[in-house]
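Here is a short set of exercises to work through with the model open beside you. Try each task on your own before you read the solution.

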Amino acid sequence: MNTHQSKYYLLSVLLFMGCQSSSYNWYGGNFEEAKTVVGSKLILLDFYTET
């Protein structure tokens, strides 16, 4: 294998191994409730629109 092929192979293996068990627990409440639960931690917001 040349160096470019080995880099792409290594990158694809790392992406596959790093992403296979990722999961995220979404909070079902509103923003005000989330602020009281997490305190000073960051909050990830997900915006959705029909357009």
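**Exercise 1: A charged pair**

Does glutamate 32 count as buried or as partly exposed, and what is its relative accessibility? Once you have settled that, find its salt-bridge partner and describe how the two are placed along the chain.

*Solution.* Keep in mind throughout that this is a predicted model.

Step 1. Glutamate 32 has a relative accessibility of 48%. Exposed would require over 50% and buried under 20%, so glutamate 32 counts as partly exposed.

Step 2. Now look for the partner. Side chains of opposite charge can pair when their charged atoms come close. Here the partner is lysine 35, with the closest N and O atoms 3.4 Å apart. The cut-off for a salt bridge is 4 Å, and this pair meets it at 3.4 Å.

Step 3. Check the partner's surroundings too: lysine 35 is partly exposed, at 37% relative accessibility.

Step 4. Both residues sit in helix α2, which spans residues 31–38. They are three residues apart there, so about one helical turn separates them.

Step 5. Finally, search the whole structure: the count of salt bridges is one.

**Exercise 2: Overall form**

Work out how the radius of gyration of the protein compares with that of a compact globule of 51 residues.

*Solution.* Step 1. Begin with the secondary structure, which consists of two helices and zero strands.

Step 2. A compact globule of this length would have a radius of gyration near 10 Å, whereas the protein has 19 Å.

Step 3. Turn to the box around the C-alpha atoms: along the principal axes it is roughly 55 × 30 × 15 Å.

Step 4. Add the surface. Just 2% of the 51 residues count as buried. The protein exposes about 5,400 Å², and 61% of that comes from carbon and sulfur atoms.

**Exercise 3: Two leucines after α2**

Place leucine 42 and leucine 45 relative to α2, then classify each by accessibility.

*Solution.* Step 1. Leucine 42 lies in the segment after α2, and so does leucine 45.

Step 2. Leucine 42 is exposed, with a relative accessible area of 86%. Leucine 45 is partly exposed, at 46%.

Step 3. Use C-alpha distances to locate them. Leucine 42 is 27 Å from leucine 14, with their positions 28 residues apart in the chain. For leucine 45 and phenylalanine 31, 14 residues apart along the chain, the distance is 8.7 Å.

**Exercise 4: The largest pocket**

Which residues are closest to the centre of the largest pocket?

*Solution.* Step 1. The largest pocket has a volume of about 370 Å³.

Step 2. It is lined by 16 residues, and those closest to its centre are Tyr27, Ala34, Ile43, Leu44 and Leu45.

Step 3. Sorted by class, the lining has 12 nonpolar, three polar and one charged residues.

Key
Residues are numbered from 1 along each chain as its sequence is written. This is a predicted model: local features need pLDDT of at least 70, side-chain atom pairs count only at pLDDT 80 or more; totals for chains, interfaces and linings use all residues. Side-chain values use heavy atoms; hydrogens and water are left out. On a 1 Å grid over the protein atoms alone, a cavity is a set of points where a 1.4 Å probe fits but cannot get out, and a pocket is an open set with protein on both sides within 12 Å along at least five of seven lines; lining residues have an atom within 4 Å of a point. Grid points are joined across faces, edges and corners, and a volume is the space filled by probe spheres set on the points. Ala, Val, Leu, Ile, Met, Phe, Trp, Tyr, Cys and Pro count as nonpolar, Asp, Glu, Lys and Arg as charged, and the others, Gly among them, as polar. A salt bridge is a side-chain nitrogen of Lys or Arg within 4 Å of a carboxyl oxygen of Asp or Glu. Helices (H or I, at least four residues) and strands (E, at least two) are DSSP runs, numbered from the N terminus. Buried means under 20% relative accessible area, exposed over 50%, partly exposed in between (1.4 Å probe, protein chains only). The radius of gyration is taken over C-alpha atoms; the globule rule is 2.2 Å times the number of residues to the power 0.38. Accessible areas come from the Shrake-Rupley method with a 1.4 Å probe; for residues, only the protein chains shown count as cover.
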